[in-house]
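Student: Before I trust any labels on a model, I like to know what earns them. Can we go through some of them together?

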Amino acid sequence: MPHDTNKVHVSLRHVTKTFRRAGGGQDVHALGPIDLDLKRGEFFAVVGPSGCGKSTLLEVLAGLTPVTDGTVVFEDQPIHGNVPDGVGVVFQEDACFPWMTVSDNIAFGLRQAGIPAAETARRVAAALELMGLGQFARSHPAQLSGGMRQRVCIARTLVLQPRLILLDEPFGALDQQTRLLMGEEVLRLWRETGATIFLITHALDEAAMLADRIGVMSARPGRLLEIVETGWAPDRDSTIVETPEFGQVTARLWQWLRVESMKSVGRMDRR
Amino acid sequence: MKPIFLLRLLVIAGFIGFVEALCRIGIIDNFTMPPPSRIAADLARALASGKFNGPIRATLLNAALAFCLAVTVGITAAVVIHRLAALRTSLDPFFATYYAVPVLAFYPLLIILFGLGSAPKVIIAFMLGVVAVIVNTLNGLDRVPRVLLKSARMARMGWFATATQITLPSAAPFVLTGVKFAVAYALIGIIGSEFIMSTDGIGFEIAFAYNNFDNATMYPLIVLVMIISIIVNMLLSIWEKQLLERRGLR
Ligand SMILES: Nc1ncnc2c1ncn2[C@@H]1O[C@H](COP(=O)(O)OP(=O)(O)OP(=O)(O)O)[C@@H](O)[C@H]1O
Ligand SMILES: [Mg+2]
């Protein structure tokens, strides 16, 4: 088993994020306070109502957004709005560079990091194969479907072999079947690489199937209401959805989320 | 695509045939304008004789110089202005009213300052084009999706690498619009200045022929100017089409 799940990989202490509105508007308290430890090599999923601050939390972890209060420590180094080495992100939005071919998109991070051309070519070829994009290596993103573009973005991050992988609804654009298959693919990668995975999703069954632990977030400002432990074996796959335990996990998630989602929808109505 | 191209050709051919007929019948008399067939023959002869090679080269070189200056200075300025919000705010009204000022009015002043060489003409053509490049590039830079900038930050790119490898390529369709303006303004600026006051160039030759009632020179040169700008624009359109098609925008 490659996972030494006792060591803390990332630790958040009392993390809060408030977006200051320029020009005297209302500040937006988006997140926190949040306390959370991600263990090295664990698969952590986050679910929460729309607009509760999930993406903000991810950007804090990636070092893209400085926190307003609290501390984030990754591999014993504090992160404060600076991108640390060894962290990879797949964003919620389509992040493909439309002027580059699929191959060049995937090679982008490797080239920026100055990885030798031969090694870059090798990793890109492997990623194309893995993501089923081999035929489209020389296509441009506009010629691909939304789901294929998202796979390009996933490949672009995976080739960098990050130790902490942050995924923001990476399967949002995919149909249910592909979603399940991609989920299994991510599980396989997770087992092979031993990376820590932080996955945001709005699909409760996806969280329940993939994760070791699932954090349930409150309506904005997002706080962690509960952390549900699934207790799955690392060599799990999508057949887990047939077990009664799976049903119990999803039911617990839904219990927590039902109320929070209603709150967040209610707030939208009143605006 | 093909039928439309044919149709366009037909419209142009029809128009030329119509003018030809008007000239031949005598509705347009030959002192005002020779028939298109004769203009074409005159143009072919003039080009073959090589007597306009000098003026053509002078005009095209100056236009190319002004164009390159407008594009490089314009894009660089746009990147800098985009980074500095305060500068942007103070310059915006200036850009908005810029084209209300007839830049050619400064031409005599520039001649006094720089003499009657290429410099005043290039400066005029540059001034005409550069702001169109800046404004269009800024417009494109404003529209770069935030997620691409985040991707650049994840790759730990500095601002210069981000500008050259992410924001400018992303803004390319808008930059290209500015570039198209710069081409048109480069030709207008150079030929216009040559027209007003100059010692060489196509515009000077047209003005000279006009003053000497030399229709056999004036009309072929006017047609030449049209042909040059059509060719340049067609090349740009091909580039634009490729760029937009690749991005699924057309
Ligand atoms: N750059 C920003 N400036 C101001 N407010 C922001 C910014 N980014 C996010 N917010 C606000 O913070 C809150 C949380 O946003 P966030 O994108 O983190 O939510 P989310 O949980 O990812 O939502 P979704 O499920 O729709 O993706 C929202 O109210 C949003 O408007
Ligand atoms: Mg989000």
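Tutor: Sure, we'll take a few labels one by one and set each value against its cut-off. Keep in mind that this is a predicted model.

Student: Let's start with the metal. What makes A:S55 and A:Q92 count as donors to the magnesium ion (ligand 2)?

Tutor: Distance. A donor is an N, O or S atom within 2.8 Å of this metal. OG of A:S55 and OE1 of A:Q92 sit at 1.9 to 2.3 Å, so both pass the cut-off. Water is not among the atoms, so the site may look incomplete.

Student: Where in the chain do those two come from?

Tutor: A:S55 belongs to helix α1 (residues 54-62) of chain A, while A:Q92 is in the loop between β6 (87-90) and α2 (102-112) of chain A. They are 37 residues apart, so the pair links distant parts of the chain.

Student: Why is A:S55 called partly exposed?

Tutor: Buried means under 20% relative accessible area and exposed means over 50%. A:S55 has 23%, so it falls in between. A:Q92, with 37%, is partly exposed too.

Student: And A:Q161, how do you know which class it belongs to?

Tutor: Its relative accessible area is 52%, and the cut-off for exposed is over 50%, so A:Q161 is exposed. A:Q161 lies in the loop between α4 and β7 of chain A, and it has a positive phi of about 50 degrees although it is not a glycine.

Student: What about A:H14, which has a phi near 50 degrees?

Tutor: That is again a positive value in a residue other than glycine. A:H14 is found in strand β1 (residues 8-19) of chain A. At 42% it counts as partly exposed, because that value is between the 20% and 50% limits.

Student: On to the sheet. What makes β4 and β5 of chain A a pair?

Tutor: Pairing takes at least two bridges. Three bridges join β4 (residues 69-74) to β5(A), so they qualify, and they run antiparallel. As an example, A:V73 has A:P78 in β5(A) as its bridge partner.

Student: Why are β2 and β5 of chain A said to stand at the edges?

Tutor: The order is β2-β1-β4-β5 in an open sheet with antiparallel pairing. β2 (28-39) and β5 (77-79) each have a single partner strand, so one side of each is left without a neighbour in the sheet. From one strand to the next, the twist averages 25 degrees.

Student: Now the empty space. What makes the lining of the largest cavity nonpolar?

Tutor: The residue classes do. A:I154, A:L158, A:I165, A:L167, A:V186, A:L189, A:W190 and A:I197 line this cavity. Ile, Leu, Val and Trp are among the types that count as nonpolar, so the tally is eight nonpolar, no polar and no charged residues. The volume is about 50 Å³.

Student: How does the lining of the second largest cavity divide by class?

Tutor: Into four nonpolar, three polar and three charged residues. A:E169, A:R179 and A:E206 are among the lining residues, and Glu and Arg count as charged. This cavity has a volume of about 30 Å³.

Student: Last one: what is the largest pocket like?

Tutor: About 1100 Å³ of space lies in it. Of its 27 lining residues, the closest to the centre are B:L9, B:I12, B:M226, B:I230 and B:M234. The largest share of the lining, 13 residues, comes from α11(B).

Conventions:
Residues are numbered from 1 along each chain as its sequence is written. Chains are lettered from A and ligands numbered from 1 in the order in which they are written. This is a predicted model: local features need pLDDT of at least 70, side-chain atom pairs count only at pLDDT 80 or more; totals for chains, interfaces and linings use all residues. Side-chain values use heavy atoms; hydrogens and water are left out. On a 1 Å grid over the protein atoms alone, a cavity is a set of points where a 1.4 Å probe fits but cannot get out, and a pocket is an open set with protein on both sides within 12 Å along at least five of seven lines; lining residues have an atom within 4 Å of a point. Grid points are joined across faces, edges and corners, and a volume is the space filled by probe spheres set on the points. Helices (H or I, at least four residues) and strands (E, at least two) are DSSP runs, numbered from the N terminus. Donors are N, O and S atoms within 2.8 Å of the metal (3.2 Å for Na, K and Ca); water is not among the atoms, so sites may look incomplete. Buried means under 20% relative accessible area, exposed over 50%, partly exposed in between (1.4 Å probe, protein chains only). Axes are lines fitted to C-alpha atoms, for helices over the stretch in contact, and angles run from 0 to 180 degrees between N-to-C directions.
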